[in-house]
Amino acid sequence: MLKSPIFSSSRPVTLQASMDHKPSKPDPPKKRVLVCGGGVIGVCTAYFLSKKGAAVTLVEQSSIACAASGKAGGFLALDWCDGGPLSSLARASFDLHRSLAQELNGGESYGYRSLNTLSLSVTESENPPRGRKSTIPDWINGPVKGPKTIGTTETTAQVHPQLFTKKLLEKAVADYGVEVVIGKVKSVEAGDGEITAVVEGGGEIGGDAVVLALGPWSNKFTVLSSVIRVHGLKAHSLVLEPREMDAISAHALFLSYHPANGGPPMDPEIYPRPTGEVYICGMSSEEEVPDNPEQIEPNPDSIRVLKRVAGTVSSHLGEESRVKAEQACFLPCTDDNVPVIGEIPGMKGCYVATGHSCWGILNGPATGAAMAELVLDGHSSIVDLTRFSPARFAGRTR
Ligand SMILES: Cc1cc2nc3c(=O)[nH]c(=O)nc-3n(C[C@H](O)[C@H](O)[C@H](O)COP(=O)(O)OP(=O)(O)OC[C@H]3O[C@@H](n4cnc5c(N)ncnc54)[C@H](O)[C@@H]3O)c2cc1C
């Protein structure tokens with residue numbers, strides 16, 4: 001049995017002003033699209049599909065943004081993917097984040113802001129330098145050196161990923177009538193122009209097309225695992241609430257961190273957020289993705305290391321900070337490190353959007369907008385999707 005929709009709204013009704021009393025042509029029926037997966041990719045896809053006029057049902061097995069899309073950093077960069085296959089997707093998506101923020105009251109409710117970005121070298125065993133470089137903000141008072149500005153307020157920005165994903169869905173529900181169902185999709189069947197998603201417990205949802213945005217769970221779905229391979233890379237994060245948040249400036253930090261025990265350097269990241277918290281992430285490892293996102297537990301050693309990193313970089317992030325979250329989640333990665341966005345070969349009406357690895361929050365909006373065009377118009381004009389086609393893996397799977 002399906003649980004009842006957690007969000008619902010009546011679909012918008014178009015009132016025709018028929019001053020001349022001519023019989024008006026009935027609107028063509030809306031295309032019904034199922035979106036499976038309530039992470040940032042599924043939600044952005046549902047948003048743009050519904051805004052373009054589709055009747056969308058989004059199905060999520062657990063809760064919205066319960067996995068990587070709720071536990072990511074939310075760092076956005078305009079040009080860091082330049083020169084690679086993601087360049088045009090990333091540039092389009094950076095701009096879309098800006099226009100979505102304008103649409104959603106400046107993005108204040110989900111911590112959207114432009115910020116400067118520094119790279120720094122940190123050597124745990126050293127003392128803080130005596131003469132401070134003026135490029136290093138005062139709150140970074142640990143043993144750091146070699147600051148480089150690697151992003152400015154023109155080229156880097158951030159969102160709180162969970163708040164962003166939930167806010168966008170809220171708008172899609174309220175303004176464009178998206179329906180949300182909580183239930184685990186067991187399989188998808190296509191036949192006679194109708195797509196059916198079979199949901200655990202026996203429910204079925206019908207549509208004209210389906211978009212599978214299942215992140216690192218894609219591999220557990222036969223329709224997808226027979227065509228592409230998506231593996232999960234586990235990564236850890238910590239969310240702190242420092243006592244003196246006002247002292248902490250809007251700077252994202254990319255570290256080259258040298259531990260005191262002489263172990264290999266690490267590359268953790270630190271993002272202060274306008275929502276009154278500081279996010280620290282790093283420490284990744286290959287691990288099996290559990291069936292249920294609620295079962296993903298952080299490794300205590302990894303969390304201990306992240307706490308040490310935070311306290312070494314700044315006394316504001318030391319033991320006096322309140323620990324708001326210690327967490328882990330899985331990056332969805334493909335074999336060639338390029339997302340898969342397109343129609344599944346041999347399955348008309350079945351689309352996939354996943355494999356965004358460490359750039360899913362950045363690339364969610366352009367992926368959703370491009371997918372909406374592909375499903376409803378047959379091609380995408382916002383980004384050329386050829387490079388992302390699942391057809392590139394044909395004949396290469398297990
Ligand atoms: C530590 C960390 C930091 C990161 N930082 C950044 C960053 O700063 N900037 C950036 O751009 N990206 C970042 N990322 C990457 C980003 O988080 C991911 O690329 C993105 O969240 C992937 O989104 P998704 O929707 O594909 O997958 P997920 O967020 O994993 O969502 C998939 C959803 O599908 C649901 N699902 C799965 N199977 C089923 C089923 N059978 N039925 C129904 N629902 C199902 C799951 O429950 C889940 O909610 C980071 C990732 C990590 C791990």
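This briefing covers the two domains of one protein chain and the interface between them. The model is predicted. The chain divides into domain 1 and domain 2. Their C-alpha centres lie 29 Å apart. About 2100 Å² is buried between domain 1 and domain 2.

**Domain layout**
- Domain 1 is made of three stretches: 32-97, 160-227 and 335-393.
- Domain 2 is made of two stretches: 116-152 and 232-334.

**The annotated span**
- In UniProt, an unreviewed entry carries the annotation "domain: FAD dependent oxidoreductase" for residues 32-374.
- The end C-alpha atoms of residues 32-374 lie 14 Å apart.
- Helix makes up 24% of that span, and strand makes up 34%.

**Extent of the interface**
- On the domain 1 side, 31 residues are in contact with domain 2.
- On the domain 2 side, 26 residues take part in these contacts.
- Carbon and sulfur atoms give 61% of the area buried between the two domains.

**Polar links and the domain 1 side**
- Two salt bridges are counted between domain 1 and domain 2.
- K220 forms a salt bridge with D291.
- The closest N and O atoms of K220 and D291 are 3.3 Å apart.
- Between the domains, 16 residue pairs are in polar contact, with both residues at pLDDT 80 or more.
- Helix 2 (68-71) and helix 4 (161-176) are the elements that each give two or more residues to the side of domain 1 that touches domain 2.
- The residues on that side of domain 1 divide into 14 nonpolar, 11 polar and six charged.

Methods:
Residues numbered from 1 in each chain as written. Predicted model: local features only at pLDDT ≥ 70, side-chain atom pairs only at ≥ 80, totals over all residues. Heavy atoms only, no water. Domains from an automatic or database assignment. Contact = heavy atoms within 4.5 Å. Buried area = accessible area lost by both parts, 1.4 Å probe. Salt bridge = Lys/Arg side-chain N within 4 Å of Asp/Glu carboxyl O. Polar contact = N/O pair within 3.5 Å; in protein donor to acceptor, adjacent residues only side chain to side chain. Helix = DSSP H or I, 4+ residues; strand = E, 2+ residues; numbered from the N terminus. Nonpolar A, V, L, I, M, F, W, Y, C, P; charged D, E, K, R; others polar. UniProt positions renumbered as here; feature names shortened; annotations may be inferred.
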